[in-house]
Amino acid sequence: MAENLCPVCAKPIFRPRSKWCSKSCGSAAWYQNNKDHVKARVKVWAQGHPEQNKASKQAWEQRNPRYGVLKKYHITSAAYDQLFEEQGGCCAVCGTTSPTPRAFFDVDHDHQTGQVRGLLCRSCNIMVGLAGDSIFTLRNACNYLSRVSI
């Protein structure tokens, strides 16, 4: 007898006359087939409940602080974590392991290509940004500090 497999997760279906192995797989399948309908209903609800929607978004962003950063630079949480590990869990410029004031390091990227370069603490990211990503400017700043250091 051929075994029936769940079309969502490919696990065996043990319940007779069922299309899915579990209720969660059935819900996931329904959502996949009705995404546009769900999004339209959510949009209508959000427009009718602006205060609740705003509070809900703020609460979600507090629980998921890196999401906006990752979405902005088109990298996954796994890619961020891999970059973090490759850098030894510290800022690529100064080496600090404390990314204050946030709980995560900033994603440094090339402003012309959008290519992610590394993870920096807030101070180093601001420094590189204010220098206009210019190696020339940053070298001159280093030379200046070397000359005038007491």
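F84 is partly exposed, at 27% relative accessibility. The model is predicted. F105, by contrast, is buried, with a relative accessible area of 2%. One aromatic pair is counted in the structure, and F84 and F105 form it. The ring centres lie 5.9 Å apart, and the planes meet at 40 degrees. The pair is classed as tilted, because a stacked pair needs planes under 30 degrees apart and an edge-to-face pair over 60. F84 sits in helix α5 (residues 77-86). F105 sits in the loop between α5 and β1 (106-109). The two positions are 21 residues apart in sequence, so the pair ties together separate parts of the chain.

F105 also belongs to the largest nonpolar core, which has 15 residues. Y80, C91, F105, V107 and L119 touch the most other members. Helices α4, α5 and α6 (122-130) and strand β2 (116-120) each give two or more residues to this core. In soluble globular proteins, nonpolar side chains tend to be buried together. The contacts of L119 reach both members of the aromatic pair, F84 and F105. Beyond its sequence neighbours within four places, L119 is also in contact with Y80, L83, Q87, C90, C91, A92, D106 and V107.

Two polar residues of strand β1 were examined next. D108 lies in β1, as does H109. D108 is buried at 10% relative accessibility. H109 is buried at 15%, since the cut-off for burial is under 20%. Residues up to four places away in sequence are set aside for both contact lists. D108 touches Q115, V116, R117, G118, L120, N125 and V128. H109 is in contact with Y73, G114, Q115, V116, R117 and D133. Q115, V116 and R117 appear in both lists.

Helix α2 (residues 35-48) is hardly covered. Among its 14 residues, the count of buried residues is one. Its geometry agrees with expectation: at 1.5 Å a residue the helix should span 20 Å, and its end C-alpha atoms are 20 Å apart. Confidence in the protein chain is highest in α2, at a mean of 94. It is lowest in helix α4 (residues 67-72), at a mean of 80. α4 is also among the elements that give two or more residues to the largest nonpolar core. Over the protein chain, pLDDT averages 88, and 98% of the residues score at least 70.

Notes:
Residues numbered from 1 in each chain as written. Heavy atoms only, no water. Phe/Tyr/Trp six-rings, centres within 6.5 Å; stacked < 30°, edge-to-face > 60°. Helix = DSSP H or I, 4+ residues; strand = E, 2+ residues; numbered from the N terminus. Buried < 20%, exposed > 50% of the residue type's maximum accessible area, 1.4 Å probe, protein only. pLDDT = per-residue confidence, 0-100. Contact = heavy atoms within 4.5 Å. Core = buried A, V, L, I, M, F, W, Y, C linked by side-chain atoms within 4.5 Å. Expected span 1.5 Å × (residues − 1).
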